[in-house]
Protein chains: 4
Amino acid sequence: MRIGVLTGGGDCPGLNAVIRAVVKTAVNDYGMEVLGIKDGYKGLVEEEFVPLGLEQVTGILPKGGTILGTTNRDSPFHYRVRVNGQDVYVDKSEHAIDVIKRNGLEALIVIGGDGTLAIAQKFFEKGINVIGVPKTIDNDLSATDVTFGFDTAVTTATEAIDKLHTTAESHHRVMILEVMGRDAGWIALHAGLAGGADVILIPEIPFTIEKICAKIKERNDRGRRFSIVVAAEGAAPFGGKQVISGINEGNIYNPVKLGGIGKFVAEKIAEQSGHETRVTVLGHLQRGGSPTPRDRILATRFGSAAVYALARKEKGVMVCLKGENVLTVPLKDAIEQLKRVPIEGDLVKTAKSVGISFGD
Amino acid sequence: MRIGVLTGGGDCPGLNAVIRAVVKTAVNDYGMEVLGIKDGYKGLVEEEFVPLGLEQVTGILPKGGTILGTTNRDSPFHYRVRVNGQDVYVDKSEHAIDVIKRNGLEALIVIGGDGTLAIAQKFFEKGINVIGVPKTIDNDLSATDVTFGFDTAVTTATEAIDKLHTTAESHHRVMILEVMGRDAGWIALHAGLAGGADVILIPEIPFTIEKICAKIKERNDRGRRFSIVVAAEGAAPFGGKQVISGINEGNIYNPVKLGGIGKFVAEKIAEQSGHETRVTVLGHLQRGGSPTPRDRILATRFGSAAVYALARKEKGVMVCLKGENVLTVPLKDAIEQLKRVPIEGDLVKTAKSVGISFGD
Amino acid sequence: MRIGVLTGGGDCPGLNAVIRAVVKTAVNDYGMEVLGIKDGYKGLVEEEFVPLGLEQVTGILPKGGTILGTTNRDSPFHYRVRVNGQDVYVDKSEHAIDVIKRNGLEALIVIGGDGTLAIAQKFFEKGINVIGVPKTIDNDLSATDVTFGFDTAVTTATEAIDKLHTTAESHHRVMILEVMGRDAGWIALHAGLAGGADVILIPEIPFTIEKICAKIKERNDRGRRFSIVVAAEGAAPFGGKQVISGINEGNIYNPVKLGGIGKFVAEKIAEQSGHETRVTVLGHLQRGGSPTPRDRILATRFGSAAVYALARKEKGVMVCLKGENVLTVPLKDAIEQLKRVPIEGDLVKTAKSVGISFGD
Amino acid sequence: MRIGVLTGGGDCPGLNAVIRAVVKTAVNDYGMEVLGIKDGYKGLVEEEFVPLGLEQVTGILPKGGTILGTTNRDSPFHYRVRVNGQDVYVDKSEHAIDVIKRNGLEALIVIGGDGTLAIAQKFFEKGINVIGVPKTIDNDLSATDVTFGFDTAVTTATEAIDKLHTTAESHHRVMILEVMGRDAGWIALHAGLAGGADVILIPEIPFTIEKICAKIKERNDRGRRFSIVVAAEGAAPFGGKQVISGINEGNIYNPVKLGGIGKFVAEKIAEQSGHETRVTVLGHLQRGGSPTPRDRILATRFGSAAVYALARKEKGVMVCLKGENVLTVPLKDAIEQLKRVPIEGDLVKTAKSVGISFGD
């Protein structure tokens, strides 16, 4: 049996650990042959493959990134080609299917986020067997308890908070850290809890600058002349969402104009509280680096489980973690549901108990 | 309402995070007063208390250890006192109960392992309200999915494997890392998976040197002239357990005589395979250091949950993690059951798929 | 003998290690009494002191920041006071000298950058004994071979490059990291060398976008479809300096308008090379965190040496590292000379040999 | 021009950085051809070479170990061969020279410790051009201010002390950390200073258990009920040296019998002071892991400088760091002199000032 494996979408610590586990499990347990497809679906269309044996995956477990390369676009169903010096988008899916068949690939293991997996589902509907492995640094996929890469991102963000803490305290400043999380505030919530933040701003809970400043003042009154604010990039003030949609533009909040939520919050806090503020945007640092042990293990389990699913003749499924077990769910169902922070949940309650304000 | 909190048993990253969450939740949410009891139960008998307010727990979240101090012994039910220059053990439990009452402590929050919690249960049976918070670096308590400190220990062990890897490879050596785990192999299994070990030895799976050497030879035949062995301190060869109990001593394996499982395995592998071997005993490094973000969060949740349980008038319970929720279980039931690595479970299966031998 | 110690200017890892060494050496070796002055010179004017004994400096060695607090301004010679709701600047230096004398301080140990030390020199000229300890994260002081905090900043920046590397490689991107260094490119040069950057941009060497793109293309031609650019915040293109001074504004380069050198370079490279680019601004993360062992040791040596100088009756000097020895130089001479990267020096030559372009 | 490069002796972080710099400098600056010699001198005798171009050294800068492999023995002048099932040692140096000439190697760059470099000198005396790059994790070579790998080892040891600190404090224990340093105490001294040790034991200063216990008692009297002892493996009590040489064996101290200095000291302190003690032997962890930025830079400079020396037609020299410059010294002079900690020097004085006892 010969299978293909590809990685798609943004970078995420643990991709190499998945690839390694796929190859080792396929080779060791089932004697399968594995072809690596380069740069996501692009390599499928362009037929750029690389044979993956035990030798090729040696030493990649602790490495960030993906040895296969990845791209953020390049759907075979809407594929960019240059025609007469212009970008034109054409459907290359039949060509891709032809490539798959011509190379004798009996299945594809597709490691990616919702965009990448939605394309995988389309191929499945056209008769190609695919097994999905979920990848999102934001941990915002409801079909799995947790995704690999998230723990590493939280660790990077927590280390950043640890570093900002001493400067904030020495200078009596309000330090703002902007982290990833466009639709869900998981990284901000976890890193904020772990780093001992004073304020956490997440997309799920609209905030007001007044409430943030009230928290800062309360601390000041207790002699704590500094504060740490962790803001998910998708956090927005009350009414802010409408502005983003352009309904009452210019009125309250437009993150694109203002250079991001961190900068916005920093300026507003400085205005209203009189405190010195500083903002740090963590950005791509969250996507890189050696995965934490937990992410390496989860990624390894996902990679092996994808091959197990193939061996069990499952088709069109995605591996996921439920409690302590790695299971599969239909790919179709899996990719549609966003997991947001439950605002009445245990974590938010605990955060409030230890004195963290959500600006609400 | 006034409560006491103490930490008992071996060191574990996250203890301070629990103390901080207990104090913050008690003060912020319920206006309780918290007394810290110094050095475990010793401070209870000796009436050594320290008031804990928001000020006292500032800045301790990222710190290892416990600001309250701890001891490994000193049960009030069997308390060591010096009489005429000799150690005598007496029951000081009634005295301790008197101290509790005289100081107006309506409940104790006891953070500790099975020994410490068993004493807590005894106090509960004598009418003192206690809430337990489980602490074991080994993660071997069946009443909770996971314990704080474990992730930090696994991280420390994985970093050690990462370091040994390059030396092993450069020198074509077999490097053995001995990690904690007297009764259960969780640290060895997780760190071995995360660090890309070739052999993992755990108490749950008796091993033979022959099988270990077969794995090393198989690697050698593929040009991989080095191997990494991770051994839990409680791992033993087939028949080894009996020796430990003294039934057929001298026959096969006696770790006390031989200076630990790591040393034993290193010598035997060198003898049988002819490879150079080196052993590193990680020891106390696993118990120290700043807790990982995950451990800080879990410890914080446990600390808050202990106070929530008090506020809900629960008595004689222990907090625990089940899936994504922190719940309580009767303390009595909780402390009796050891959680061992399921040898037919998902993790061991995955480990074998990626080529790890358990020496069986 | 009673002395005072203060920290001034921006945060820098190792400040606490200096304070600790000052106190321990003063107390242990000479039985001196030490008063900590809070928030830089502000505490001197406002007479906010805190006694520092062995107890107060326990446990602060590995901690970032300064237990004394610091400010970036507040010169007693030009001190901001509010009069009728307006900021007015007055000379409070005589008042400060009065405070020093009234409290019996026979000397001040002043830990700070050029601004802070220039004020120290002014006090020295007015008859107060001062010993300076140099502090600059940028390592741009010619009077000392190296300053504490620099190694930590370089380590933070190198870890960031390590993280960006895998993402750059997986995505075939040009990743730009903007680091500190307004007048001198030491952090960029060291971190770029240590992190394996492909391009390093420093204030000492004006660059052109064309040369940067030529390097990127050369790598591309060898199949290396990604590049890492490390840019000191003060780097500027040929002719850029004039623009900053407003001589031919709008013509080539205005970093304030363009949001920093990183953003400028990222946009220009994308335009000219067609590569995807991403920029990360490291910012305050470079000033925080636990100091590296090297910085802890250097800071400790500086702190002790400042007290030794006092004991030797030296006056108006600054401690510094020369080769393997900690010496003193007249404060007056020390603070005037900027140490810039020698563009014909050994480090730049080595960087070029290993294939790094400076864009020149 | 074609050159060979080999690595010999124990593992050391930075070896790969040297190899990378040698190759990049040789190829980029001089168009030389580089052959890697596998497993130290063994690969020279066995003629096991691997071509090293830019491609082969990509990505190895941050990796520990050596891609060339290394051995601790295998001198061509005293080479082990199996004859009739027995080890016999023969002179293979002429054969090695023949291999060198037959492969057209005009020079060898030899990266190694005193043993490896002494062999290099022998080859030089026989007419082979060699350039040495010093490698010793112990930093005990007088010909160079500092060696790569040392900073990483000190960092690993300091992190270990940081971890032991909290456990020591929580448990009121004396924790002993045994680090490398058979002849010189540099690692112990630097890590002890950086980690805030209370006692440092080094080969240069004989100690007594009484003095150690006096320090522990002094701390106890101030309410500091724990202590950290860092011991270099070569440290010995007064009179201990003689015992090692067998002059008055059994009398005082025999580290081989007692299982190492750490264990010896732990037992004696427990006996004399009544404190609980625990010992950790750091061992091979000090030799592994990703090199610190400082070590990566120094290793890179050494690698480039070795090629520069070749290009300048230097022969039989070793690169070294003197102040801020990388220079060369005759290999012959370089390898003979041990650099020991000056017991009247600045570092020891500072250590004493901050309260560290050397047990003397």
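Is helix 1 of chain A mostly covered or mostly open, and how many of its 16 residues are buried? In this predicted model, helix 1 of chain A turns out to be mostly covered, with twelve of its 16 residues buried. The buried residues run from the start of the helix and comprise A:Leu15, A:Asn16, A:Ala17, A:Val18, A:Ile19, A:Arg20, A:Ala21, A:Val22, A:Val23, A:Lys24, A:Thr25 and A:Ala26. The length of helix 1 of chain A can be checked as well: at 1.5 Å a residue, its 16 residues should span 22 Å, and the C-alpha atoms at its ends are 22 Å apart, so expectation and model agree. After helix 1 of chain A comes A:Gly31, a residue with a positive phi, near 60 degrees.

Attention turns next to the meeting of chains A and B. Here, 35 residues of chain A are in contact with 35 residues of chain B. Several elements of chain A each supply at least two residues to the side that touches chain B: helix 1 (15-30), helix 5 (150-171), helix 6 (186-195), helix 11 (293-311), helix 13 (346-353) and strand 13 (325-330). Helix 1, described above, thus belongs to this set. The most is given by helix 11 of chain A, which provides seven residues. Sorted by class, the side of chain A that touches chain B holds 14 polar, eleven nonpolar and ten charged residues.

How are the two chains related? Chain A is superposed on chain B by a rotation of 180 degrees, with 0.0 Å of shift along the axis and an RMSD of 0.0 Å. Among the residues of chain A, A:Gly323 comes closest to the rotation axis, its C-alpha lying at 2.6 Å. The interface follows suit: 100% of the interface residues of chain A are also interface residues in chain B, so the two copies meet through the same surface.

Chains C and D can be described in a similar way. A rotation of 180 degrees with 0.0 Å of shift along its axis brings chain C onto chain D, at an RMSD of 0.0 Å. These two copies are therefore related as by a two-fold rotation axis. In chain C, the C-alpha nearest this axis belongs to C:Gly323 and lies 2.6 Å from it. Both copies use the same surface, as 100% of the contact residues of chain C recur in chain D.

Technical notes. Residues are numbered from 1 along each chain as its sequence is written. Chains are lettered from A and ligands numbered from 1 in the order in which they are written. This is a predicted model: local features need pLDDT of at least 70, side-chain atom pairs count only at pLDDT 80 or more; totals for chains, interfaces and linings use all residues. Two residues are in contact if their C-beta atoms, placed from the backbone, lie within 7 Å. Helices (H or I, at least four residues) and strands (E, at least two) are DSSP runs, numbered from the N terminus. Ala, Val, Leu, Ile, Met, Phe, Trp, Tyr, Cys and Pro count as nonpolar, Asp, Glu, Lys and Arg as charged, and the others, Gly among them, as polar. The expected span of a helix is 1.5 Å times one less than its number of residues. A residue is buried if 20 or more other C-beta atoms lie within 10 Å of its own, exposed if 12 or fewer, and partly exposed in between; C-beta atoms are placed from the backbone. Copies are superposed by least squares on the C-alpha atoms of residues with pLDDT of at least 70 in both.
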